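Here are a few exercises to work through with the viewer open. Try each task before you read its solution.

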Amino acid sequence: MSEHLLEVKGLKQYFPIKTGVFETTMLKAVDGVSFTIDKGETLGLVGESGCGKTTVGRSLLRLYTPTEGTVIYDGQVVSDKNIQGFRKEMQVVFQDPYSSLNPRMTVADIVGEPLDIHKLYDGKKEREDKINRLLTLVGLNSDHSRRYAHEFSGGQRQRIGIARALAVDPKFIVCDEPVSALDVSIQAQIINTFEELQQKLGLAYLFIAHDLHVVHHMSRRISVMYLGKIVETALSDDIISHPMHPYTQSLISAIPIPDPKLARARKRIVLEGEVPSPMNIPEGCSFRTRCRYATEICKTQEPQLRELAPGHEVSCWNPQGL
Amino acid sequence: MDEHILQVKNLHTSFKTESGLVKAVNGVNFNLDRGKVLGIVGESGSGKSVTAYSILRILDHPGEITDGEIFFRGEDVVKYSEKKINSFRGSKVSIIFQDPMTSLNPVYTIENQLIEAVCLHTSRNKHEAKERALEMLELVGVNEPKKRLKQYPYQLSGGMRQRVMIAMALACEPDILIADEPTTALDVTIQAQILELMLELKDRLGMSIIMITHDLGVIAEMCDEIIVLYAGRVCERGSAEEIFYNPRHEYTKGLLRSLPKITAKKEALIPIAGSPIDLLNLPDGCAFASRCDKAMKICLEQQPEELVINENHLASCWMNVRKAYEAQKGEQV
Ligand SMILES: Nc1ncnc2c1ncn2[C@@H]1O[C@H](COP(=O)(O)OP(=O)(O)O)[C@@H](O)[C@H]1O
Ligand SMILES: Nc1ncnc2c1ncn2[C@@H]1O[C@H](COP(=O)(O)OP(=O)(O)O)[C@@H](O)[C@H]1O
Ligand SMILES: [Mg+2]
Ligand SMILES: [Mg+2]
């Protein structure tokens with residue numbers, strides 16, 4: 001049957017927002033998202049702030065109960081009832097190493113907590129051994145284990161967060177902007193750590209970030225989100241060199257390139273205006289209000305993802321560069 | 001000869017804190033030319049903002065300029081009287097910050113704030129200032145400017161607020177605009193709009209820009225000249241082409257190597273080892289030496305002097321001295 005480690009089908013996550021005394025409007029944070037991730041693979045998820053990346057991660061991990069849709073992990077449908085059984089398989093690493101770690105806990109306790117919860121050791125000695133092995137795995141050492149998280153730099157804190165996620169020996173990790181708060185010199189250390197761990201442990205990642213340089217580097221495939229929907233998915237080299245969705249095109253043309261000659265030579269597709277509110281998503285194609293190729297059909301009919309080249313899916317009535 | 005509108009010479013700024021003297025800026029030198037964009041790049045804590053605040057003399061309390069000069073049109077800003085520095089801040093040099101909400105007042109309309117900025121720094125009366133406010137919003141490409149004038153900051157998006165900030169900063173027609181991470185909080189498509197706007201306004205109004213950012217991409221897009229800061233010292237400075245294609249400080253080389261690039265083939269990144277510098281305990285030698293894989297004995301002992309690499313490039317790294325020495329020896333053999 002399914003070869004995929006993870007399969008997400010038609011995932012929707014709506015939040016009711018009070019807009020008046022008796023009125024609520026649905027904020028459609030994620031509005032019908034589907035993708036697959038294979039064992040040991042990295043899928044990158046990019047898009048501008050508020051497009052729903054974090055919500056996709058939280059919703060598929062069932063930190064929220066999805067409004068609609070199916071998540072299949074290793075051939076089994078994940079539900080509110082059986083999610084506890086998957087908690088060991090699926091983990092998450094957050095962006096902010098400062099706020100996601102309890103400053104009053106020692107490193108040993110932070111990394112040991114999931115071991116305690118899932119009772120993954122036999123006696124004090126084994127617990128300590130496991131913690132030290134995890135710290136070594138992420139480039140820290142046992143000397144660090146008695147210190148508090150606030151005594152560490154941003155990069156080191158992110159390593160602690162990764163060690164904690166790895167404690168339960170997961171197969172899949174949602175990485176939500178895990179290097180966005182770090183300086184480039186430190187960012188590269190953490191990116192390499194993620195890659196080494198993937199090779200060593202066969203981990204699969206959903207790698208969420210807004211920096212396309214980073215996502216391209218990390219991912220085999222990339223999905224681009226706009227207003228709660230995936231508008232394009234392709235191999236990461238293809239999406240950079242041959243973006244077909246007009247939104248992806250402008251997103252890529254806006255990335256600052258750290259090379260003065262290339263930066264000055266390239267043509268920008270500057271997007272007009274700003275992203276509409278997810279409480280008032282345009283009918284038809286949600287990008288049409290900012291799209292320079294929009295036609296009549298875009299106003300009334302919502303495009304679906306179609307495979308327009310091998311492994312390259314686009315949801316657009318007027319795809320470019322075919 | 002280019003005309004330097006601003007010359008910073010041997011600037012030292014430190015903070016007397018309870019845990020000791022934080023030496024944030026330690027001998028920074030650079031020149032800003034008329035109509036040019038100068039980029040200041042470095043990791044967090046390298047002294048970028050403190051350099052900018054020193055120029056405007058808006059340092060937070062325990063901060064103090066302890067040495068150096070800042071020449072604006074031949075006059076030393078460090079020696080300016082209170083009165084003179086106030087008019088300098090408003091009408092000669094403006095600053096925009098990463099978070100526009102720190103400089104916009106939440107309880108006043110955009111119009112009131114713009115009018116106040118115009119009246120404070122120019123000789124326009126209230127009525128003229130009102131017209132100018134609308135003009136400024138149009139200039140920075142705010143959509144529906146008449147409606148926006150009546151709105152409050154919280155009613156605007158992040159990109160829109162940054163445009164309003166730029167409008168306020170430019171209301172007094174400054175000679176120099178200092179932009180401290182102006183697009184760091186914005187999405188790339190909005191960042192692209194704002195950067196484009198800044199370059200266009202620079203040409204239209206004939207100002208100079210000091211662009212402060214940690215993002216080498218933004219630097220490459222925007223800047224004519226670049227200075228690379230590490231631990232409050234200038235590692236190297238020069239034209240954008242020199243810094244990117246001929247880096248001559250091991251820190252700059254390390255930065256460029258550690259950057260993932262969509263324009264290059266995927267290869268393992270080469271990170272800079274070690275962790276960030278502790279400004280309370282600056283070493284005697286090169287501040288980067290403890291993280292530098294090329295470090296020699298002298299690097300640990302003595303601060304490198306700034307060496308002329310060519311007419312567009314200066315660098316403070318002992319490796320250049322070694323190279324020069326070896327080249328000379330090679331010739332003699
Ligand atoms: N718990 C929540 N309640 C209400 N709205 C939310 C909640 N979480 C996220 N949102 C909204 O959903 C949209 C998507 O948010 P998010 O997934 O955080 O985007 P991203 O991670 O891409 O920046 C945003 O408009 C956000 O304000
Ligand atoms: N008000 C302050 N009190 C003490 N130290 C400060 C203060 N402001 C800045 N510093 C220190 O000065 C150094 C340089 O800071 P800054 O110029 O803000 O760095 P950046 O390059 O990130 O802009 C930092 O180490 C910071 O801790
Ligand atoms: Mg997010
Ligand atoms: Mg700063």
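A polar contact here is a pair of N or O atoms within 3.5 Å. Keep in mind that the model is predicted.

**Exercise 1. Find the polar contacts of ligand 2 with G45(B), S46(B) and K48(B).**

Solution.
- Step 1: Start with the surroundings. Ligand 2 has 14 residues around it, and the closest are G45(B), K48(B), S49(B), V50(B) and L279(B).
- Step 2: Look at the backbone. A backbone N or O atom of S46(B) is 3.2 Å from an oxygen atom of ligand 2, which fits the 3.5 Å cut-off for a polar contact. For a backbone N or O atom of G45(B), the distance to an oxygen atom of the ligand is 2.8 Å.
- Step 3: Turn to the side chains. In K48(B), a side-chain N or O atom lies 2.9 Å from an oxygen atom of ligand 2.
- Step 4: Add the area. On its own, ligand 2 exposes 560 Å², of which the protein buries 69%.
- Step 5: Assign the shell to elements. Strand 1 (4-17), strand 2 (20-33) and helix 1 (48-56) of chain B each give two or more residues, and helix 1 of chain B has the largest share, with three.
- Step 6: Sort by character. The shell of ligand 2 holds five nonpolar, six polar and three charged residues.

**Exercise 2. Describe in the same way what surrounds ligand 1.**

Solution.
- Step 1: Of the 14 residues around ligand 1, the nearest are G50(A), G52(A), K53(A), T54(A) and T55(A).
- Step 2: Two threonine side chains take part. A polar side-chain atom of T55(A) is 2.5 Å from an oxygen atom of ligand 1, and an N or O atom in the side chain of T54(A) is 2.8 Å from an oxygen atom of the ligand.
- Step 3: The backbone contributes too: a polar backbone atom of G52(A) lies 3.0 Å from an oxygen atom of ligand 1.
- Step 4: Ligand 1 taken alone exposes 550 Å², and the protein buries 67% of this.
- Step 5: Strand 1, strand 2 and helix 1 (53-60) of chain A each supply at least two shell residues. Helix 1 of chain A gives the most, three residues.
- Step 6: By character, the shell of ligand 1 has seven nonpolar, five polar and two charged residues.

**Exercise 3. Which strands stand at the edges of the four-stranded open sheet in chain A, and why is one side of each left without a neighbour?**

Solution.
- Step 1: Write down the order, which is 2-1-4-5 with antiparallel pairing.
- Step 2: Read off the edges. Strand 2 and strand 5 (76-77) of chain A each have a single partner strand, so one side of each has no neighbour in the sheet.
- Step 3: Trace the pairing of strand 1 with strand 2. The two strands of chain A are joined by 11 bridges and form a hairpin with five residues between them. Among the facing pairs, Y14(A) stands opposite K28(A) and L11(A) has V33(A) as its bridge partner.
- Step 4: Do likewise for strand 4 of chain A, which five bridges join to strand 1. Here V8(A) is partnered by V71(A).

**Exercise 4. How many residues does each chain bring to the contact between chain B and chain A?**

Solution.
- Step 1: Chain B brings 41 residues and chain A brings 41 residues.
- Step 2: Together the chains bury about 3,700 Å², with 59% of it on carbon and sulfur atoms.
- Step 3: On the chain B side, E221(B), I262(B) and K266(B) supply 21% of the area buried against chain A, more than any other three residues.

Methods
Residues numbered from 1 in each chain as written. Chains lettered and ligands numbered in written order. Predicted model: local features only at pLDDT ≥ 70, side-chain atom pairs only at ≥ 80, totals over all residues. Heavy atoms only, no water. Near = heavy atom within 4 Å. Polar contact = N/O pair within 3.5 Å; in protein donor to acceptor, adjacent residues only side chain to side chain. Areas by Shrake-Rupley, 256 points an atom, 1.4 Å probe, with all protein chains shown as cover. Nonpolar A, V, L, I, M, F, W, Y, C, P; charged D, E, K, R; others polar. Pairing = 2+ DSSP bridges. Contact = heavy atoms within 4.5 Å. Buried area = accessible area lost by both parts, 1.4 Å probe.
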